[in-house]
Amino acid sequence: MANLDLIIRNANVATSENRFVCDIGVVAGQICQIGEINQTADEELDATGFLITPGGVDSHCHVEQISSNGIWTADDWFSASRSAVCGGTTTIIPFACQHRGQSLRQVVNDYHDLATPKAACDYAFHLIVSDPTEQVLGQELPSLIKAGYTSFKIYLTYDALKLSDREFLDVLAVARREGAMVMVHAENNDMIMWMAERLLAAGLADPRYHATARPMLVEREATHRTISMAELVDVPVLIVHVSGAEAIEQIKWAQNRGLKVFAETCPQYLFLTEDDLDRPGLEGAKYMCSPPPRDKANQEIVWQALEEGVFEVFSSDHAPYRFDDPKGKLAAGESPHFKQIANGVPGIETRMTLLMSEGVNKGRLSLQEFVALTSTNAAKLYGLHPRKGDITEGSDADFILWDMNKEVTISQELLHDAMDYTPYQDFKVKGWPIMTYLRGKKICDSGNFFGRAGEGQFLECGRPPALDLPTNLPTRFDPAVGKFRA
Ligand code: URP
Ligand code: ZN
Ligand code: ZN
């Protein structure tokens, strides 16, 4: 019998499917035994009193990325991954973001150069496709998919990134042919720009008008368009950062028709509202993200949709721009109008405790649902399961030890990112990730970080299983391959 590196004894485990008490044996970073273990290991931990869940998988975060306003995120790969693991997340999937004129292959190489020396947790990449040239569609995407980059994000808004509907269809066709998952930022760009021009012409420039320029119907329209485009090509899509009722109605409509439509929501749509954008002075800039937070009634509808299983994943959309910093939210000067303020809020470290506290500890979600939403489903959707997102023999030994009774008042001083604010300042939570293990090594204990820059491993993603759902083309012509089907 192999010598064990680590045994966690009396582990009270919750996975997305089960609850059990066991010992967990680890060799070379992987779980090799689950059950009663009658041997010893170099390191042993008695986990009595803790709840153990799989390490979190945050499948939507922006790290060392330049925003569409030309501003860099405050976090680099080290501070973002340090913050992730201290919040219980052991795998992140940020973006390698193509800007127009760039080769996607080169972009991927550049992001690896940033990540390799600094990542302290494991990671994969989604590709942001903003320039689907013939070279990108015909050569780069197919070869990158084969190399383990099996998901792309496309934007229907932001002048610098948005695709036309035709370009969007081209990308969907590649995804179907080659086997990739497409994530969509669904907001109608022309409607937003048209509204913003009129607001600014009327002298309405404060952060709160960001929400006025992007009402829910611009998200509803783009969500429905996304669903229709994906239906035409018969390819799965995931609609990211869904903010409220009208988009949820469209997604439920699609799911009820059996379409391959998945959805993600984020903490900002459960815990923030548009009133936060109306804080005095420029404080509202701290809460500006796209789509914007809505109202209390919409928060409740997002909660209900989480309970009903409409959402597959709960991600952070961590997009950190410091407030009191000339390179951050106020980069355009002391009195920017809302179009000049970078969109995005931080949240990589607070994502899991917020959902554990307000979802599980308040009885809205089961532990199984929590694990599925914060870890297992993302690993499955993006081709990383069972290596990630589970506690089973053969999985990486990534876990969180929770104190389900610990009450904490969130404050920026407790967090490990490079930010100067958290939108969740003074929120009270119950249920806190005390220890985090990455591949069998304890890298966080009681807020003390023990990881190291460069210790994180790059993960090649496999074929997303949703690509293998039964064919459901609207006509017998398959536009992705250019043939009639028998
Ligand atoms: O406002 C947001 N969400 N900023 C990050 C970029 C994006 O669209 O996800
Ligand atoms: Zn987005
Ligand atoms: Zn995002």
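1. A pocket, as the word is used here, is an open set of grid points with protein on both sides within 12 Å along at least five of seven lines. The model under review is predicted. Its largest pocket holds about 230 Å³ of space. Sixteen residues line this pocket, and those closest to its centre are Ser68, Asn69, Tyr158, Met193 and Lys339. Helices α5 (189-201) and α6 (208-213) each contribute at least two lining residues. The greatest contribution is from α5, with three residues.

2. Enclosed space should be kept apart from the pocket. There are four cavities of 30 Å³ or more. The largest cavity has a volume of about 240 Å³. Its lining numbers 21 residues, of which His62, Tyr155, Tyr158, Tyr321 and Asn343 are the closest to the centre. Tyr158 is thus named among the closest residues for the cavity and also among the closest for the largest pocket.

3. The zinc ion (ligand 2) takes its protein donors from Lys153 (NZ), His185 (ND1) and His241 (NE2), at 2.1 to 2.2 Å. The spacing of these donor residues in sequence is K-x31-H-x55-H. Lys153 belongs to strand β11 (residues 151-155) and His185 to strand β12 (residues 181-185); the two are 32 residues apart, and the pair links distant parts of the chain. Lys153 and His185 are both buried. A second zinc ion (ligand 3) is 3.8 Å from the zinc ion (ligand 2). Anyone setting up the site should bear in mind that water is not among the atoms, so sites may look incomplete.

4. Helix α7 (residues 216-233) has 18 residues, which at 1.5 Å a residue should span 26 Å; the C-alpha atoms at its ends are 26 Å apart, so the two values agree. Buried residues in α7 include Met216, Val218, Glu219, Ala222, Thr223 and Arg225. Further along the helix, Thr226, Ile227, Met229, Ala230 and Val233 are buried as well.

5. What follows α7 deserves a look. Asp234, just after the helix, has a positive phi of about 60°. Asp234 sits in the loop between α7 and β13 (237-239). Its relative accessible area is 5%, under the 20% limit, so Asp234 counts as buried. The backbone oxygen of Asp234 is reached by the side chain of Arg176 at 3.3 Å.

6. Arg176 itself is part of helix α4 (residues 165-178). With 17% relative accessibility, Arg176 is classed as buried, because the limit is 20%. Apart from residues up to four places away in sequence, Arg176 touches Val233, Asp234 and Val235, and also Leu467, Thr471, Leu473, Asp478, Ala480 and Arg485.

7. Glu64 is another residue other than glycine with a positive phi, near 45°. Glu64 lies in the loop between β6 (56-58) and α1 (77-86). At a relative accessible area of 11%, Glu64 is buried.

8. Two cis peptide bonds may be checked. One runs from Ser290 to Pro291, with omega near -10°; Pro291 is in the loop between α9 (268-271) and α10 (296-308). Another joins His385 and Pro386, with omega about 5°. Pro386 is in the loop between α12 and β16.

9. His385 also appears in the surroundings of Lys380, a residue of helix α12 (residues 367-381). Setting aside neighbours within four places in sequence, Lys380 contacts His385 and Pro465. The C-alpha atoms of Lys380 and Pro465 are 7.2 Å apart, although 85 residues separate the two along the chain. Lys380 is partly exposed, at 32% relative accessible area.

10. Ala397 is in the loop between α12 and β16 and is buried, with a relative accessible area of 0%. Beyond residues up to four places away in sequence, Ala397 touches Val26, Gly29, Gln30 and Ile31, together with Tyr437, Leu438, Arg439 and Gly440. From Ala397 to Pro54 the C-alpha distance is 8.4 Å, across 343 residues of sequence.

11. Is Thr422 buried or exposed? Its relative accessibility is 5%, so Thr422 counts as buried. Thr422 is placed in the loop between β16 (399-409) and β17 (428-438). A polar atom of its side chain lies 3.0 Å from the backbone nitrogen of Tyr424. Outside the four nearest places in sequence, Thr422 has contacts with Ile410, Ser411, Gln412 and Leu415.

Conventions. Residues are numbered from 1 along each chain as its sequence is written. Chains are lettered from A and ligands numbered from 1 in the order in which they are written. This is a predicted model: local features need pLDDT of at least 70, side-chain atom pairs count only at pLDDT 80 or more; totals for chains, interfaces and linings use all residues. Side-chain values use heavy atoms; hydrogens and water are left out. Donors are N, O and S atoms within 2.8 Å of the metal (3.2 Å for Na, K and Ca); water is not among the atoms, so sites may look incomplete. Helices (H or I, at least four residues) and strands (E, at least two) are DSSP runs, numbered from the N terminus. Buried means under 20% relative accessible area, exposed over 50%, partly exposed in between (1.4 Å probe, protein chains only). The expected span of a helix is 1.5 Å times one less than its number of residues. A polar contact is a pair of N or O atoms within 3.5 Å; within protein, one must be able to donate a hydrogen and the other to accept it, and residues adjacent in sequence count only if both atoms are side-chain atoms. Contact means heavy atoms within 4.5 Å. On a 1 Å grid over the protein atoms alone, a cavity is a set of points where a 1.4 Å probe fits but cannot get out, and a pocket is an open set with protein on both sides within 12 Å along at least five of seven lines; lining residues have an atom within 4 Å of a point. Grid points are joined across faces, edges and corners, and a volume is the space filled by probe spheres set on the points.
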